[in-house]
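Here are my notebook entries from an afternoon of looking things up. Come along and check each one on screen.

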Amino acid sequence: MAYRLPRVVGHRGAAASAPENTLAGLRRALQLGVGWVEFDVKLTGDGVPILMHDAVLERTTDGRGAVADTAYAAIRELDAGAWFGPEFAGERVPSFDEAIDLLLSHGLAANVEIKPCPGRERETGTAVARRLAERWPSERPPPLLSSFAEAALEAAREAVPALPRGLLVGAVPEDWRARLERLGCVSLHCSHRHLEPAAVSAVHAAGYPLLVYTVNEAERARTLYSWGVDCICTDRPEAILPIAG
Ligand code: G3P
Ligand code: MG
């Protein structure tokens, strides 16, 4: 049976109304009533999985330099909220462990995007999968892993084969089906920008559900759902939930 995606996933938490990839963002998603969140996980210089989109610290913290060159202890000193708004000052870069704690304590489901720094694809995929295997209770449905980095998905599969995996792409490539099969993925995640209705039908005909990112306008979401898109990843769950059906 096809993997069941939710209708809506909060992108980087709820990135339009709280700083992305922070615990405040995950809490905001909960407040907005979305049952699933997406967030990005990469490794610090000393190998600790944290929530962070960029390979460098500048955009979303008051630090500087490459994440891969910075130890976890130094990253923990940084402010990851003030750039977004003064009410979020003091927000820290969460460890993956802290995010797992929040998911488990609030019954929030997750799409964990493995976002490796260049050259750390396998290491990051392995670390994310192992952490979930150690921490996630077997009686609860596990998070859905995803990545643009196929090497990260391969490593995650080797480490913990039972975790579901989705393949992230920009435009849907010609060979999407072969890639999904080779990687043992359960879902395809693509940008909504170049998507055509025929691609949605083809993906469904092959037995896979489709997640599209990042859609923040209800009108566009309506069109995508009318094509059969299963799941919309959005910075604004409050705009998409009312029309998600
Ligand atoms: O997983 C969907 C989306 O998060 C992929 O793009 O750059 O926002 O991580 P990005
Ligand atoms: Mg992401």
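I began with a definition: donors are N, O and S atoms within 2.8 Å of the metal (3.2 Å for Na, K and Ca), and sites may look incomplete, since water is not among the atoms. My model is predicted, with local features needing pLDDT of at least 70 and side-chain atom pairs pLDDT 80 or more, while totals for chains, interfaces and linings use all residues. Residues are numbered from 1 along each chain as its sequence is written, chains are lettered from A and ligands numbered from 1 in the order written, and side-chain values use heavy atoms, without hydrogens and water.

**Entry 1: the metal.** I looked up the magnesium ion (ligand 2) and found the protein donors E38 (OE), D40 (OD) and E113 (OE), 2.0 to 2.2 Å from it. Along the sequence I read their spacing as E-x1-D-x72-E. Both E38 and D40 are buried (under 20% relative accessible area; exposed is over 50%, partly exposed in between; 1.4 Å probe, protein chains only).

**Entry 2: aromatic pairs.** I found four of them (ring centres of Phe, Tyr or Trp, the latter by its six-membered ring, within 6.5 Å; planes under 30 degrees apart are stacked, over 60 edge-to-face, the rest tilted). F84 and F88 sit edge-to-face, 5.7 Å centre to centre with 75° between the planes. F84 counts as partly exposed at 28% relative accessibility, whereas F88 counts as buried at 10%. I also noted that W83, F84 and F88 form one aromatic cluster.
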